[in-house]
There are 2 protein chains.
Amino acid sequence: MAAPASAEAARSRPVSIEDVAGRAGVSTATVSRVLNNPELVAPATAERVQRAIAELEYRPNLFAKGLMTRKSHVLGIALPDIYGEFYSELLRGADSEARRLGYHLLVSSEARLNGKGASSSLAFGLVDGLALMITEPNDALLKEAIRLDVPLVVLDSEVKGAKFDSVVVDNDVGTREAVEHLLQGTPAARCCFVGGPKENFDTQARVRTFTQVLKARGHDVKADQASFGEYSTEWGEKWALERHKAGKLKGSAVLCGNDEIAYGIMLVAQDSGLSVPKDVRLVGFDDSRLGRLMRPRLSSVRMPAAEVGAAAVQALVMRVSDSARAPRQLRLATNLIVRESSK
Amino acid sequence: MAAPASAEAARSRPVSIEDVAGRAGVSTATVSRVLNNPELVAPATAERVQRAIAELEYRPNLFAKGLMTRKSHVLGIALPDIYGEFYSELLRGADSEARRLGYHLLVSSEARLNGKGASSSLAFGLVDGLALMITEPNDALLKEAIRLDVPLVVLDSEVKGAKFDSVVVDNDVGTREAVEHLLQGTPAARCCFVGGPKENFDTQARVRTFTQVLKARGHDVKADQASFGEYSTEWGEKWALERHKAGKLKGSAVLCGNDEIAYGIMLVAQDSGLSVPKDVRLVGFDDSRLGRLMRPRLSSVRMPAAEVGAAAVQALVMRVSDSARAPRQLRLATNLIVRESSK
DNA sequence: CTGAAAGCGCTTACAG
DNA sequence: CTGAAAGCGCTTACAG
């Protein structure tokens, strides 16, 4: 009564539920029940079916299943880019949470909708829900996502009064901690913010808080105290070089848009014979591995990247089972981690 | 004759091909042809159908489609981990190639099959093919992948006489270049290899070449010339510290398993008052961003990560359309990039 | 506890 | 060039 060595290889088409039913001497309905609602089936019958499944190495056709259930157990996640630790961490957090909940992740790493709009980067099908990260204004992309008509959670971008969930990082807390930390020991007039792209939501939130905190101390932020560029070491170097030429680098305390920018500034400072943190105090953003590798070690505002990914997946899964659920805005805190670069 | 504002929202179930057929006054077969083989349909008819599709905002049900075509246009990619630039780059390369070819990527970032085997991390369904990265011996995982019975391409791992495609990096070329480069200026007895985990396929390939090249110069590699640990800065620091204590760091030329290890060694060397490259010459592996950020800038062997990802996707897509295709082994070259750390 | 049968939304010979 | 109809492999009321 042993099964043929390779049941499946012998036939032309894959083993179907019908084959299993035949072998177990039951109807396909019963096989289906064994798979999905075993409590409805008599133990003895169930066991017979299970044996047939094992012997035939049956694996359900998920297309047929999805056609009935309208569920794929696949979630889409669309990121503007996949580079850098933040995205890796976010993806990892999302993936492990998805796995835990019985889902898989369909990843798009270039969801940018480059101008033309034609590139329909979200041409997902088969997904039960979509997590979309939007870091800069991009209405076209958001509209496209909404048109997909699946549960949607937007990351990093706040849309007031939206009909979908969102998960954002609360830049405010961490930024405030960082600025107040820098203010201890450096006068407000010598504190600077060196951010990423001006349109970037995070950059905007951070500079806003930076400005507020200084203002609360009675200091109006001057034009040259807040600069915008990109999230790169090069931009940090450029800023530091100019600042140094103007004779204003020494004595500054700088909050950087990310750790790479901080690294660029640190390199220039050190090359110029300035000591970090004695002459220049530095705080980065992201708490990346890079920051821990620098010497002096970089103080940095931690972003809960993995948590963002996991929260997005959770929100999506909740909504899949309860589409009436009220839209939720989740805000995850950031926090300052002080290391040597700003002591 | 304008379409209702929101055709889909009005009904309970989504728009189907039947709705489109009704509106355009044709059969569902014709609608299907317009979608998949427009050249079989009269232009006037096709246009009428297209209009109906647009008005109703029809989007095909991919489950039903897949049930017939047995194609999802989704490719699985399973990595042991998702951390680090190598994986990010690989994923990015794979994703953009997939997009170009009309596919999507289902990503699993923890394909490790931790001992128990139970964790069936490859529980992919719905995929047309699977790219699986295996960096250390893991027969259970490979077997599981084979049992999935979809086109398979294995990354980073060579399986002789296998029935599936594989894409590997040719460590040999780059390693050879690197060792010969170090040998110019440093005697063979003072050249070292500091690798990652001993079981790691890349580590093994590299130490093999390292040994061969030295042997070709008439030098037998001593036990303390090749060390194994992990791919981390900490391991690099540990190695360098011990080596320094033994008074043997100065004058060494070190080929490191990755850039992080190199960074750890560089930190210790500099802290010990040794100059890189004057007292210690360093070459890393991966040509990561980190390497370019270090000062002195790190020489490194470039790994074509994005190309590996893209090649994997290509192989899979080819095999999806031609399952009779003979298994191919693709080997992508590595190359040394000399910067300041080994001059 | 189990089965017969309808139905999910497509594609594709087969006829015309 | 187009349509009627079968069929892909499941799930799920509905009966019994």
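Which element gives the most to the surface near DNA strand C? In this predicted model, the answer is α3(B), with six residues. Around DNA strand C there are 28 residues, and those that come nearest are A:T45, B:I17, B:A29, B:S32 and B:A64. So much for individual positions; at the level of elements, α3 and α5 of chain A and α3 and α5 of chain B each give two or more residues to this surface. Sorted by class, the surface near DNA strand C splits into 15 nonpolar, ten polar and three charged residues.

Turning to DNA strand D, 28 residues sit around this strand too. Here A:I17, A:A29, A:S32, B:A42 and B:T45 come nearest. At least two residues each are supplied by α3 (28-36) and α5 (62-69) of chain A, and by α3 (28-36) and α5 (62-69) of chain B. This time α3(A) takes the largest share, six residues. The class make-up of the surface near DNA strand D is 15 nonpolar, ten polar and three charged residues.

Next comes the contact between the protein chains. It involves 33 residues of chain A and 33 residues of chain B. On the chain A side, two or more residues apiece come from α5, α6 (85-100), β2 (104-108), α11 (259-271) and α12 (289-293). Of these, α6(A) provides the largest share, with six residues. The side of chain A that touches chain B has 17 nonpolar residues, alongside nine polar and seven charged ones.

The β2 strands also link the chains directly: β2(A) pairs with β2 (residues 104-108) of chain B in the antiparallel sense, over three bridges. Within that pairing, A:L105 stands opposite B:V107 of β2(B).

As for the interior, the largest nonpolar core holds 92 residues. Its members that touch the most other members are A:L75, A:A312, B:L75 and B:A312. Taking B:L75 as an example, and leaving aside residues up to four places away in sequence, its contacts include B:A98, B:Y103, B:L105 and B:L106. B:L75 also touches B:V127, B:D128, B:G129 and B:A131, as well as B:V313 and B:L316. A second core, separate from this one, has 77 residues, among them A:L182, B:L214, B:A269 and B:L298.

Conventions:
Residues numbered from 1 in each chain as written. Chains lettered and ligands numbered in written order. Predicted model: local features only at pLDDT ≥ 70, side-chain atom pairs only at ≥ 80, totals over all residues. Core = buried A, V, L, I, M, F, W, Y, C linked by C-beta atoms within 7 Å. Buried ≥ 20, exposed ≤ 12 C-beta atoms within 10 Å, placed from the backbone. Contact = placed C-beta atoms within 7 Å. Near = placed C-beta within 6 Å. Helix = DSSP H or I, 4+ residues; strand = E, 2+ residues; numbered from the N terminus. Nonpolar A, V, L, I, M, F, W, Y, C, P; charged D, E, K, R; others polar. Pairing = 2+ DSSP bridges.
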